[in-house]
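Visitor: I'd like to learn how to read a model like this one, feature by feature. Could you walk me through it?

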Amino acid sequence: MRCLATVAFCLLGAVMAARQPGGAGILRYAQDDIVAQDDIVAQADTLRASVVSSTAGSITVPQRITFQQLGSVTGLSEAVRRFTGVQIRDYGGVGGLKTVNVRSLGSEHTGVFVDGIQIDNAQNMQVDLGRLNLEGLGSVSLFSGQKVAPLQSAKEYSSASSLYLESAEPVFSGSKADNFKTGIGAGSFFTVAPKLSWEHLFRNGASMRLSADAVSSNGRYRFHVKDFRQYPDGSLAGYDTTMIRKNCDLSSVRAEAMVFSPSSGYESWIIKAYFYGSGRGLPGPVYKKAGEYPLSLDRQTDRDAFIQGRYYRSLSDVWSVSGRAKISFNHLEYIDFPETLAGGNPAHYNYRNHSAYLSASAMARISPWLSVNIAQDIQYDYLDADLRGFVYPGRLSSWSCLSTRLGSGPVDLSATILYLDVNDRFLSGGDRAGARRNVLMPSLVARWKAAERFTVNGFAKRSYRMPTFNDLYYTTVGTKTLDPEDALQFDLGMDWVAVRSGASNLSFKADIYWNQLKNKIIAVPTSNQFRWSMYNIGKVAVLGSDVTVDYSFKAGRGEFGALARYTFQQARDKSDWNGQIPYIPLHSGSVNLFGDISGWRADVTLFATGERFTTSANLPAYRLAPWATLDAAVTKNLSLRGNDLSLKLCLNNLLNEQYEIVDNYPMPGFNFLLVSTLSF
Amino acid sequence: MKKCALLVFSMVVLAVAAGCQKSETTSRDADLAGVNVAVGEKGLFAKLFVLNEGNFQKNNSTLDFFRFSDGNYVSDAFGSMNPAVVQGIGDTGNDLALNEGKLWLVMNGSGYVHVLDAFDETLIASIAVPDPRYIAFDKYYAYVSSYAGAIYGGDEVKGKVYRISLSTYKVDGEVEVGCQPEGVAVSGNKLYVANSGGYNYIHENTVSVIDLASFKVSSSVTTASNLHYMASDGQGAVYVSSYGESTWSQDADGNWIQSMSEPMGLYKISGASSSQVKDVHVSCMTMCSDGYIYAIGNAEELTGGYSNMLYKVSVKDGSVSSKAISGTDAAKVGNPYGICVAPGTGDIYIADADYTGPGKVWCFTKDFKEKWSAVAGMLPAHMVLY
């Protein structure tokens, strides 16, 4: 850890005559920011110094799901789809790929950060939300544009929007130095999911958490294939058959180790080691196939591991620094079985993605109203694949960032300039020359507290996403000469807390935005979830609006609430057909109702998505039907001889809606999961 | 009940259609209005059928037709005429052929060969054939080339030709040929099969010759790399197209460009020898009953920024005439993916594939004057006149 910090400091070139800062610095900023954002006050005592990197202190106000709300969902993708402006692309079932697309810019434009460090892979930039765990998380936040907080890394400014997953720090009650938790989930698809965790408080005040969980599921479910057509004479004819989704089993194990720094006025750090291993069937799309052949026998095995650390230190009243480092390795094995050749040997593909990341940032709080943040990140990615004629690309990326923050009275302004330089080199592929791409990403974020409970905010941002290794160098479909995707965003929003009292709360949040995407690279998994075909749609213009209304009140011993979210997105393909781009609905939204009485909590959530099209030619033949699902969850916390027992029953798709998010990938009907957790 | 009635009704229609071939009764598909794209005209043909390949494993292959009598273009005619057939015609239509009043659809992704009545598009039979590619006929049989379970990156697997009886619509024989066979053609008492070797590191370069009487491979003719389309001249010889070979090289500025090391070409196979037809570069082609092969292509297909040519090859004397497409109405075609020519009028139909959305079908006179165009389905590619 010290080594890491040292490297970080050297990179910075900052003067490192360590001063004893005497309790000022980071925590003070954090506290200031908390005051500015009073909804986090309640958690401030438990979050301690790590609050700097959580949602606190950002000019931009994220959409946020708290620990309590996370309790009522079964997976991260279900939590994230409650946000406005978000479309989850879900291929269905327990093992189906789930990615998040914010404001129609594409999932590659959304950075997913775990404790402030991005999860990414240069191969396809897809982050499967299905593989990330809710367990141990304190909050999930979505920032449109970017987060603007003290001591950010340069990479935190680079995505069009960012999803932050923050680990909850262990809390020890009384004189306890150990917390144990064990639980098991069981439910539909023959799912069994045991979990185990141990938290320990060291004498010096540091703490750690070791946790492990596993999932085993056969993933099978029934679905309908139907098509009816109306004839001019009014008659209706068609078919409706029931089929069973097969080859969609999943087994996975995950192990995590985290160490949190002791509470300190001037430094804080967090280290995380992570391993995820899984094997799954890839059921593929549903299409007509002659009877004796299965649709797909393909399998995928993953082994992901990383170790990462983050360090903050306050050096003086003016200076504070931070460092981040990560080493990660992903191994993906894909086995393509010839469905029509019984007993035929499959094709094996192995992809090994190696990556190393280092970041250093420094902040100078020059005056009470002016602070400057500089950051330098570097990352090296290397992809090894046993494909014929593969070029073995290596990529060295460098992010350099200068950010200033001006705040005076009710106005808060931040201007950032980020320079990204990406160099690709090939270990093989003959004498093929490397490729260099560099871009400049400016952004401006403003927040004006017009009244005590009324805030106006806005941002303008230009960001780029680099073409992935799959886009560029996949031997059969890669296009070698792709430009980075160019995303331009303008947003104007307001937050209004209409009522805030002990008994009831009512708040409104609304945003209107205009995005333009140029040089869009479309990667659609046509043949299966793994093999991509590439095309460049060119230009997309998005006009959108997100609205959230949040109401809650206390009555007697209970608390009740309603949360309604609505998203409007007109995402036009300006290069072809001028229609709505594939898979983006014009209207979508959700309504969540909850009630919490003496340890019982019930949640009911309705999701609705309007019609979508599979191509920019919005013709009836390419229309995907609208859908709506109703989910419910009941949780109960009991005290058993001083130990806590928590029971959770999640009922998903109660009305057994038959729908597809991705064309020809049917979603499961009604399913449930029962989870019991014992803490002692 | 409705389905049952429909079934009975379609069987009745079928029986009528089968019984009197082209009867004077109006086809039931006359109820399908479609979209008017042209002025109706009387001619040799009633319909132009268009098979849209659809996107791989998207199950969106469709059969359309253009009706000459009223100039209307009807999308997804199969779905409308056979609404109870689960999942329609299926996935990735790879070939379309007309034989004795029956329309044969070769569905590569679904592993089916469908037989339809060309009169009203009703389904007669669906025959399971693994990985079928192209089809050809003699008097008693249909012959379908097949990848037979090969996958890219997997073991080298030889392809096959399946033989389907025209009387029973059942597979009654198979014979192994080269890797990833594509086009097939019957000429004389032989079946010629173009082997592509598309999944191999080095492409195949042979045509397998099958003796029809014994249904065994009798010889193999070395021709050119990566063979594809095949056409019979009806006099014992066949023509086969080659996609050639490409290589990557670097220009002065360090940009990588793809170029042809062996050009796309057309070859004539006669007996045991093959000879190149000079200066014909084929990306798609058709054999027209007027005795000419029509092809679209150019010498540098893979480099982009090309200008396509229309080639007209006489199978009688081997003479070639070519005409530039640029500067004519046909230059509006974005990506020629299939071609069909009407004997008599010489009207040229070009299927135009748009890889992001639905494609188009264009009709031009023989002098490349635009007659009409229509929005088709996904990746329109194969056309026949009925």
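Visitor: Let's start with a single residue. Where is the place of R245(A)?

Guide: Keep in mind that this is a predicted model. With a single residue, begin with the secondary structure around it. R245(A) belongs to strand β12 of chain A, which covers residues 236-245.

Visitor: And is R245(A) buried or exposed?

Guide: For that you look at the relative accessible area, with anything under 20% taken as buried. R245(A) has 3%, so R245(A) is buried.

Visitor: Which residues is R245(A) in contact with, leaving aside its neighbours within four places in sequence?

Guide: Skipping those neighbours is the trick here, as the list then shows what the fold brings in. For R245(A) the list includes R220(A), Y221(A) and F223(A). P283(A), G284(A), P285(A) and V286(A) are also in contact with R245(A), as are Y665(A) and P666(A).

Visitor: What does the side chain of R245(A) reach at 2.5 Å?

Guide: A polar partner can be backbone as well as side chain, and here the partner is the backbone oxygen of G284(A). To practise reading two kinds of distance, take R245(A) and L341(A): they are 96 residues apart in sequence, and their C-alpha atoms are 21 Å apart in space.

Visitor: Zooming out, how many helices and strands does chain A have?

Guide: Counting secondary structure elements is a quick way to get a feel for a chain. Chain A has six helices and 35 strands, while chain B comes to two helices and 31 strands.

Visitor: What share of the residues of each chain count as buried?

Guide: In chain A, 57% of the 680 residues count as buried. Chain B has 386 residues, and 58% of them count as buried. You can set the outside next to that. Chain A has an accessible surface of about 26,600 Å², with 60% belonging to carbon and sulfur atoms. For chain B the accessible surface is about 15,100 Å², with 52% on carbon and sulfur atoms.

Visitor: And how do I read the sequence range of the contacts?

Guide: Take the contacts between residues at least 6 apart in sequence, then ask what share joins residues at least 24 apart. For chain A that share is 63%. In chain B, residues 24 or more positions apart account for 47%.

Visitor: Now the two chains together. How many residues of chain B are in contact with chain A?

Guide: An interface can be read by residue count and by area. By count, 52 residues of chain B are in contact with 48 residues of chain A. By area, the chains bury about 4,100 Å² between them, 55% of it on carbon and sulfur atoms. On the chain B side, Q57(B), Q87(B) and Y152(B) lose the most area to chain A, together 17% of what that side buries.

Visitor: How many salt bridges and polar contacts are there between chain B and chain A?

Guide: There is one salt bridge between them. R229(A) pairs with D76(B), and their closest N and O atoms are 3.0 Å apart. Polar contacts between the chains come to 15 residue pairs, counting those where both residues are at pLDDT 80 or more. As for elements, α1, α2, β7 and β19 of chain B each supply at least two residues of the side that touches chain A. The largest share, three residues, comes from α2(B). That side of chain B divides into 24 nonpolar, 19 polar and nine charged residues.

Visitor: How many salt bridges does the structure hold over all chains?

Guide: The total is 39. For each one, read the distance and then the burial of both partners. R67(B) and D70(B) meet at 3.2 Å, N to O; R67(B) is buried at 8%, and D70(B) is partly exposed at 29%.

Visitor: Which residue forms a salt bridge with D347(B)?

Guide: K371(B) does, with the closest N and O atoms 2.7 Å apart. The two lie 24 residues apart, D347(B) in the loop between β27 and β28 of chain B and K371(B) in strand β30. D347(B) counts as buried at 5%, whereas K371(B) is partly exposed at 35%.

Visitor: Which residues do salt bridges with shared partners join into one network?

Guide: D128(A), R131(A), R280(A), D302(A) and D304(A). Within that network, the side chains of D128(A) and R131(A) meet at 3.5 Å, N to O. Both are buried: D128(A) at 7% and R131(A) at 15%.

Note on methods:
Residues numbered from 1 in each chain as written. Chains lettered and ligands numbered in written order. Predicted model: local features only at pLDDT ≥ 70, side-chain atom pairs only at ≥ 80, totals over all residues. Heavy atoms only, no water. Contact = heavy atoms within 4.5 Å. Buried area = accessible area lost by both parts, 1.4 Å probe. Salt bridge = Lys/Arg side-chain N within 4 Å of Asp/Glu carboxyl O. Polar contact = N/O pair within 3.5 Å; in protein donor to acceptor, adjacent residues only side chain to side chain. Helix = DSSP H or I, 4+ residues; strand = E, 2+ residues; numbered from the N terminus. Nonpolar A, V, L, I, M, F, W, Y, C, P; charged D, E, K, R; others polar. Buried < 20%, exposed > 50% of the residue type's maximum accessible area, 1.4 Å probe, protein only. Areas by Shrake-Rupley, 256 points an atom, 1.4 Å probe, with all protein chains shown as cover.
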